[in-house]
Amino acid sequence: MDVTLQRGRILCLVGESGSGKSLTALSLMRLLPSTAHLSSDKFVLDGKDIADADEYALNSIRGNRMAMVFQEPMTALNPVMTVGDQVTEALMVHQGLTRQAAFDAALEMFRRVQIPAPETRLKTYPHQLSGGMRQRVMIAMALICRPAILIADEPTTALDVTIQSQILRLIDQLRSEFGTAVLFITHNLAVVAEIADEIAVMYAGRIVERTSRTALFGDPMHPYTLALFAAMPRTDERGRALAAIEGQVPSPGAMPSGCRFAPRCPFTVVQCSEAYPPLREIKPDHWVSCWRAPLEEHVT
């Protein structure tokens, strides 16, 4: 995946389950399972290539220059430590603050992420907080060291729509305030419409379309992107059967030759099964990996 994260902007990585979104996030954090390995030639952060960084160097980066908000905070937070201790730990380790200075900074961050009664909440354990409050704690922990990059992996999936909207607004406010580059991972196009500056659509581990939010929602070009939009529920079409994308995402060990979406695509030609299409700039700043893009003449 060739992607540049820009300071103060949100790039949404979109795709159905199994597309490789979370694995991409873990790759960036260098938290891959032992059965996987990083194959990227280069990963540049703060002007330095950290693709081959050792564990000591990575430990100085994770939670400091690069941080991640996981999908399920209950499993990401330590159940036997107060949330205050977990947030202050990063400041003491990475910035050498005293416990009192770290506590004061955590208290201020809890206020910024709109946690009510922050003095009390700092002393609570994860199980004593609601899902929305735990996710705010995760965001506070991720941003406490003012990272250059924040990776948010489906941070609103388990939350109701009201709390989801609050979390999205919070991330949007904080990236503007801190100038953090955000990689926001989701399968929900409604969330993308609300928060994204740029969008990268992923299928089977590859980016198939990349452009601005306005361009993608106004003129989607890749057949997979078109299928995702067609599958969205619409309030103005009540009673209409939901469209589905036939088939499923191929497993990593059984990738088809040529275009990985070809077995599910209604627009295939012979070339699609022979070679993988490169990511081409079809329009200014609108990149598509499809031999037949643009598809206007094929879509009715």
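This report covers the salt bridges and internal cavities of a predicted model.

**Salt bridges**

Side chains of opposite charge can pair when their charged atoms come close. Across the whole structure, a search returns eleven salt bridges. Three of them are set out in the table below.

| Pair | Closest N to O distance | Accessibility of each partner |
|---|---|---|
| E198 and R9 | 3.6 Å | E198 21%; R9 31% |
| R112 and E108 | 3.5 Å | R112 27%; E108 35% |
| R175 and D172 | 2.7 Å | R175 11%; D172 29% |

The salt bridge of E198 with R9 joins parts that are 189 residues apart in sequence, because E198 belongs to strand β7 (residues 198-203) while R9 sits in the segment before β1 (10-14). E198 is partly exposed, and R9 is also partly exposed.

R112 and E108 are paired within one element. Both lie in helix α5 (residues 99-112), four residues apart, so about one helical turn separates them. R112 is partly exposed at 27% relative accessible area, and E108 is partly exposed at 35%. These two residues also take part in a network of salt bridges that links E108, R111, R112, E119 and E177.

R175 and D172 are three residues apart in helix α8 (residues 161-178), so they too are separated by about one helical turn. Here the burial of the partners is mixed: R175 is buried, with a relative accessibility of 11%, which falls under the 20% limit, whereas D172 is partly exposed at 29%.

**Cavities**

Rolling a probe the size of a water molecule over the atoms shows where empty space is left. The structure has two cavities of 30 Å³ or more.

The largest cavity has a volume of about 60 Å³. Its lining comprises 13 residues, of which P223, C259, C265, C272 and C290 are the closest to the centre. By class, the lining of the largest cavity holds nine nonpolar, three polar and one charged residues.

The second largest cavity has a volume of about 30 Å³. L143, L150, I171, L174, R175, T180 and V182 form its lining. Helix α8 gives the most to this lining, with three residues. Five of the lining residues of the second largest cavity are nonpolar, one is polar and one is charged.

R175 connects the two topics. This residue forms a salt bridge with D172 and is also among the residues that line the second largest cavity.

Terms used. Residues are numbered from 1 along each chain as its sequence is written. This is a predicted model: local features need pLDDT of at least 70, side-chain atom pairs count only at pLDDT 80 or more; totals for chains, interfaces and linings use all residues. Side-chain values use heavy atoms; hydrogens and water are left out. A salt bridge is a side-chain nitrogen of Lys or Arg within 4 Å of a carboxyl oxygen of Asp or Glu. Helices (H or I, at least four residues) and strands (E, at least two) are DSSP runs, numbered from the N terminus. Buried means under 20% relative accessible area, exposed over 50%, partly exposed in between (1.4 Å probe, protein chains only). On a 1 Å grid over the protein atoms alone, a cavity is a set of points where a 1.4 Å probe fits but cannot get out, and a pocket is an open set with protein on both sides within 12 Å along at least five of seven lines; lining residues have an atom within 4 Å of a point. Grid points are joined across faces, edges and corners, and a volume is the space filled by probe spheres set on the points. Ala, Val, Leu, Ile, Met, Phe, Trp, Tyr, Cys and Pro count as nonpolar, Asp, Glu, Lys and Arg as charged, and the others, Gly among them, as polar.
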